[in-house]
Amino acid sequence: MQRITLLCVGKLKEKFYAGAAAEYGKRLSRYCKLDIIELPEERLPEDPSPAQIGAALLKEAEAVRGKLPPSCILVALCVEGRERSSEDLARLLAGWANRGESRVVFLIGGSHGLHESVKAEAAERLSMSPMTFPHHLARVMLLEQIYRAFQINAGTKYHK
């Protein structure tokens, strides 16, 4: 059974997001071992400079590295990542599982994204859409897409 980890910068505070994430977590329990790890987002002033943002992202990247399990596939969600269909994601997960890659970590940055150094370490850069979404909503959307991918691979009718 694959171990899927969502490593998220920022806490999920809104009840409606938390409820949706919990529902997909429950559904995924049939297909994988799911862990959701939340890291604190670095505090920034109201109107931060690019240097302040860069320093905060670097600190967050160090915290992320401290939570990465050994021998994992790291998938960074970022705007410049590759857009993939649900079927593509299903094939990726199945391919990793078939190669014995049992630990997959999906990384969601905070409101300012991810530091370039941690994106460079990722095996895959994934974009949800060219549109901008709140990172809390991205977590729910990603959980749904991971669930959909397992449903596709299981041959169920959920995807239809």
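Contact here means heavy atoms within 4.5 Å. The model is predicted, so local features need pLDDT of at least 70 and side-chain atom pairs count only at pLDDT 80 or more, while totals for chains, interfaces and linings use all residues. Residues are numbered from 1 along each chain as its sequence is written, and side-chain values use heavy atoms, with hydrogens and water left out.

**View 1. His 136 in helix 5 and its contacts.** His 136 is found in helix 5. Helices (H or I, at least four residues) and strands (E, at least two) are DSSP runs, numbered from the N terminus. Setting aside neighbours within four places in sequence, His 136 is in contact with Lys 11, Leu 12, Glu 14 and Tyr 17. Is His 136 buried or exposed? His 136 counts as buried, at 14% relative accessibility. Buried means under 20% relative accessible area, exposed over 50%, and partly exposed in between, with a 1.4 Å probe and protein chains only.

**View 2. Helix 5 from end to end.** Helix 5 covers residues 135-154, which is 20 residues. From first C-alpha to last it reaches 28 Å, close to the 28 Å expected at 1.5 Å a residue. The expected span is 1.5 Å times one less than the number of residues. Of the 20 residues in helix 5, 14 are buried, so the helix is mostly covered. Just after helix 5, Gly 155 takes a positive phi of about 75 degrees.

**View 3. Pro 134, in the loop before helix 5.** Pro 134 sits in the loop between strand 5 (124-127) and helix 5. Its relative accessibility is 42%, so Pro 134 counts as partly exposed. Pro 134 and Gly 110 are 24 residues apart in sequence. In space, their C-alpha atoms are 9.0 Å apart.

**View 4. Helix 1 against helix 5.** Two packed helices are described by the angle between their axes and the distance between the axes. What is the crossing angle of helix 1 and helix 5? The axes of helix 1 (residues 15-28) and helix 5 cross at roughly 20 degrees and come within 9 Å. Helix 1 is therefore roughly parallel to helix 5. Axes are lines fitted to C-alpha atoms, for helices over the stretch in contact, and angles run from 0 to 180 degrees between N-to-C directions. Angles under 35 degrees count as roughly parallel, over 145 as roughly antiparallel, 65 to 115 as roughly perpendicular and the rest as oblique. The crossing of helix 1 and helix 5 is left-handed. That term applies if the near helix is turned anticlockwise from the far one by less than a right angle; clockwise is right-handed. From helix 1, the residues that meet helix 5 are Tyr 17, Ala 20, Ala 21, Tyr 24, Arg 27 and Leu 28. Their partners in helix 5 include His 136, Leu 137, Val 140 and Phe 150.

**View 5. Helix 3 across helix 5, with Ala 90.** The axes of helix 3 (residues 86-98) and helix 5 come within 8 Å and cross at roughly 75 degrees. The two helices are therefore roughly perpendicular to each other. Helix 3 residues that meet helix 5 include Ser 86, Leu 89, Ala 90 and Leu 93. On the helix 5 side, Gln 145, Ile 146 and Ala 149 are among the residues met. Ala 90 lies in helix 3. Ala 90 counts as buried, at 0% relative accessibility. Not counting residues up to four places away in sequence, Ala 90 touches Ala 149, Ile 152 and Asn 153.

**View 6. Cysteines without a disulfide.** A disulfide is a pair of cysteine sulfur atoms within 2.5 Å. How many disulfides does a search of the whole structure find? The search finds zero. Cys 8 is in no disulfide, and the nearest cysteine sulfur, that of Cys 32, is 14 Å away. Cys 8 is buried, with a relative accessible area of 2%. Why is Cys 78 without a bond? The closest cysteine sulfur to that of Cys 78 is in Cys 8, 15 Å away, which is too far for a bond. Cys 78 also counts as buried, at 10% relative accessibility.

**View 7. Ser 71, a positive phi outside glycine.** Most residues other than glycine have a negative phi. Ser 71 is not a glycine, yet has a positive phi of about 55 degrees. Ser 71 is placed in the loop between helix 2 (50-67) and strand 3 (73-83). Ser 71 is exposed, with a relative accessible area of 68%.
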